[in-house]
Structures are given as C-alpha cells and as structure tokens.
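Here is a guided walk through one model, from its sheets to its ring pairs and a buried polar side chain. Have a look at the structure below, and keep it open as you read.

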Amino acid sequence: MRAEGQAHIDRIEAALALVRQSLDWERALRRLDELNARVEDPHLWNDPKEAEAVMRERRKLEAAIGTVKEISSEMADAVEFVEMGEAEGDADIEAEGLASLARLAERADADKVQALLSGEVDGNDTFLEIHAGAGGTESQDWAEMLLRMYARWAERKGFKVETVEYQAGEAAGIKSATLLLKGDNAYGYAKTESGVHRLVRISPYDSSARRHTSFSSVWVYPVIDDSFEIDINPADLKIDTYRASGAGGQHVNTTDSAVRITHQPSGIVVASQVDRSQHKNREIAMGMLKARLYEEEMRKREAAASAEHSAKSDIGWGHQIRSYVLQPYQMVKDLRTGVTSPTPDDVLDGELDPFISAALAQRVTGEAVEVEDVE
C-alpha cells in the first residue's frame, strides 16, 4: 500500500477507534440486543412514553453501530481495489480505490464528531455567556469580538441565534452578553468552549500602539426541559429589575423590564432582557438558572469521574483554554489539545470546528497534551 493510501486508512481507523471508545463498543452491542428484545415485547407499548424512549435509544445506537460497520466494510472494499490496481499495474483501478479511501476518511471524521455528541443533553439548545475580564475597554472590545465569533460560528452550523442579555461597555464593546443557540446538538458542539479566552494584539485604543493582552470568559450550559427535576428554594433568590441596554437598539429592547436573578447559595447570576414583558424575562431567567444549576451538577460529576484518570484535561471555570495572537505574528492556539491555526481572522469569523472536534475527542480519550502558551 502506497503512503497516500496508508494515510487515509490510518485516519479512518483512528476515527473508528474513537467512536468505538465513545460508545463503549461491547457494551453498546449488548445494549442494542437488549433494546431489540424489548421492542419485541408487546407490553412495552402499554406505556407510550417509555416505548418512545426505548425506540429513541435504539435508533441512536443502531445508527452509530451501523455507521462503524458500514465504513469498515467500505474501507475493506477500497483497500482491495487499491491492492488489485497495484498488483495488476492498473493506475485507473488504483486511483479509484484511493479516491474511495479519501472520501471515507472525510466521512469518518464527520461521523466521529457526531458520535462524540452522546451526552444526556448534547442534543439540546444551549445558552452561551460571554463576560469581559478586567481591563476596561480592551477586554470589553475583546468580549464583543468573541460574541461576533460565536454568532458567526452558530450561523455556519445552521443554528438560530437569539440575544438574551446584552450589557454594553462604557466606551466600546460589551461587559457581558448571553446568546441562545437553537439547533440539533447545539450544546454538544458548544460545551467545550467554556473557559477563559486570551487575546494579544496592538491595541486600537492605545495612542502609543503598544501590545496589550486581554481576557474574556465564556460559559456554556444547556437548555433543559421540565423532565429534569431542579429544586430551587424561592428564599434563596435575589431578583432585581433594571432597564435593558443594547447597541443602538439592534440587540434588545430598552424598556424597564430586564430581570436579573442571583442564586445566593451558589453565587450564580443570570439575566434576561430579550422580551418587553418583565414576567416573560423572569420566566426566561428562571429557565437559565435551572440550566446553570443542572450544568454545575454535571460538571461536578465529570470532575469526580476525571479524578480517577489523571490525564483528563482541566475543564473548570476560569481555566484558560485558548490564545489568539494577532501581533507580532498571527496564531490561534488551543491550550488543551495543541490545535493551532495560522489564520486568526478565519477563526474570529467562526471557523471553530477543528478546535471543537479535538476538544470533544480529548474528553473521550482523556489524553493530556503538553502545550506551551504562545506569547
């Protein structure tokens, strides 16, 4: 097998190995057998809600397992084509086999990402909060750049984007903003973006044209429905109302109807100003609070599980995950996976999928990467 063909095979096999690991392959096969048996039981259909849950899990497992088997089979056929072409000296047959391997490698990478979105709420819509760090206008401008980056990324994915909360900066940029991203697997794709994002550039606000470093933080948490029991004591809540702010009215309304809720035991603060109704904003903010509390509990569980595997990467709030350097050279570097891009403009325009794919894979493998930050 020539180097080109072997490279395609290695890429396909690596993707399939990661999918098998994420599925816990042997357990998944056993579970599918169990679900198939349950579907054959006529008593299951006496409970439509339970039957739908079983069918949903069965369809998901069937699709994932079927994809792995199908790609494996097609890879074997393509390898046979390539080897036949090499043996017979037929360049056309060999080229056809290599083209098939290349297409399969692309498909395997795409299917790999889909298979990694197997969490309980990965398929849900998501909230994405951005907060400017210390540093005034510099950090607030950086926070607005991140807001645009995520809005552009979400649009590329086909998600619907709504601005739930927006606090403009004093001179430029934003102090904070919350986006609601609606679409299949919105939370699953976005969840690895939580953390601190660092920008290095020549400041447009510095008359001496000095290099500045700015920080902003991102927090991602899923929209959850009433099927999740989240107990909140009303006595633990501090509820404030205030006048909404926006950028020239294009983001939000400016009536005195915005609502901010502080959950005092946890210190979690959420706000909504998307609606002109104070009652509706309170309802939205309560939904956000429930989602934050749910996500916090999921992080505690993940941290406990990760403690058993020292190689797991740090996913905690406040952990710096990525550096964006615009001067004196150009590079974006993920500090968890080592993935880099030499084109920050493209990344800031929403090209985030390579970083997200690598971070999702790292959550499955637990493989730590020694990464030096860029200066």
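## A helix across the sheet

Helix 5 (residues 137-156) lies across strand 1, strand 2, strand 3, strand 4 (195-202), strand 5 (211-222) and strand 9 (320-325), and runs at about 45° to strand 5. Helices (H or I, at least four residues) and strands (E, at least two) are DSSP runs, numbered from the N terminus. Axes are lines fitted to C-alpha atoms, for helices over the stretch in contact, with angles from 0 to 180 degrees between N-to-C directions; contact means heavy atoms within 4.5 Å.

A word on the source: residues are numbered from 1 along each chain as its sequence is written, and side-chain values use heavy atoms, with hydrogens and water left out. This is a predicted model, in which local features need pLDDT of at least 70 and side-chain atom pairs count only at pLDDT 80 or more, while totals for chains, interfaces and linings use all residues.

## Two open sheets

In what order do the strands of the 8-stranded sheet come? The order of this open sheet is 2-3-1-5-4-9-10-11, and the pairing is mixed. Its edges are strand 2 (160-168) and strand 11 (340-341), each of which pairs on one side only. Two strands count as paired if DSSP finds at least two bridges between them.

Strand 1 (residues 126-132) is antiparallel to strand 3 (residues 174-182), with 6 bridges. Strand 1 also runs antiparallel to strand 5, joined by 7 bridges. With 5 of its 7 residues buried, strand 1 is largely enclosed by the rest of the structure; buried means under 20% relative accessible area, exposed over 50%, and partly exposed in between (1.4 Å probe, protein chains only).

On the other side of strand 3, strand 2 pairs with strand 3 in the antiparallel sense over 8 bridges. These two strands form a hairpin with 5 residues between them, and Gly-173 in the turn has a positive phi of about 70°.

The other open sheet has 3 strands in the order 6-7-8, with antiparallel pairing. Strand 6 (237-242) and strand 8 (268-272) are the edge strands, each pairing on one side only. From one strand to the next, the twist averages 15°. Strand 6 and strand 7 (residues 258-263) share 6 bridges in the antiparallel sense.

If you would like to find the pairings in the viewer, these bridge partners are handy starting points.

| Residue | Partner and its strand |
|---|---|
| His-131 | Ser-176, strand 3 |
| Phe-127 | Leu-180, strand 3 |
| Phe-127 | Tyr-221, strand 5 |
| Val-161 | Leu-181, strand 3 |
| Lys-238 | Thr-262, strand 7 |

## Aromatic pairs

How many aromatic pairs does a search of the whole structure find? There are 4. Rings of Phe, Tyr and Trp (its six-membered ring) pair if their centres lie within 6.5 Å; planes under 30 degrees apart count as stacked, over 60 as edge-to-face and the rest as tilted.

One of these is the tilted pair of Phe-127 and Tyr-221, at 5.3 Å centre to centre with 35° between the planes. Phe-127 lies in strand 1 and Tyr-221 in strand 5, so this pair ties together parts that are 94 residues apart in sequence. Phe-127 is buried at 6% relative accessibility, and Tyr-221 is buried at 0%.

Phe-159 and Tyr-189 have ring centres 6.4 Å apart and planes at 45°, so they too form a tilted pair. Phe-159 sits in the loop between helix 5 and strand 2 and Tyr-189 in helix 6 (residues 186-190), so the link spans distant parts of the chain, 30 residues apart. Phe-159 is buried with a relative accessible area of 8%, and Tyr-189 with 10%. Ring pairs join Trp-153, Phe-159 and Tyr-189 into a cluster.Charges sit over two of the rings named above: Lys-157 over the face of Tyr-189, at 4.1 Å from the ring centre, and Arg-292 over the face of Tyr-221, at 5.4 Å. Such a charge is NZ of Lys or CZ of Arg within 6 Å of the ring centre and within 35 degrees of the ring normal.

## A buried asparagine

Is Asn-281 buried or exposed? Asn-281 is buried, with a relative accessible area of 0%, and has its place in helix 7 (residues 278-306). The side chains of Asn-281 and Ser-272 are joined by a polar contact of 3.0 Å. A polar contact is a pair of N or O atoms within 3.5 Å; within protein, one must be able to donate a hydrogen and the other to accept it, and residues adjacent in sequence count only if both atoms are side-chain atoms. Leaving aside neighbours within four places in sequence, Asn-281 is in contact with Ser-257, Ala-258, Val-259, Ser-272, Gln-273, Val-274 and Asp-275.
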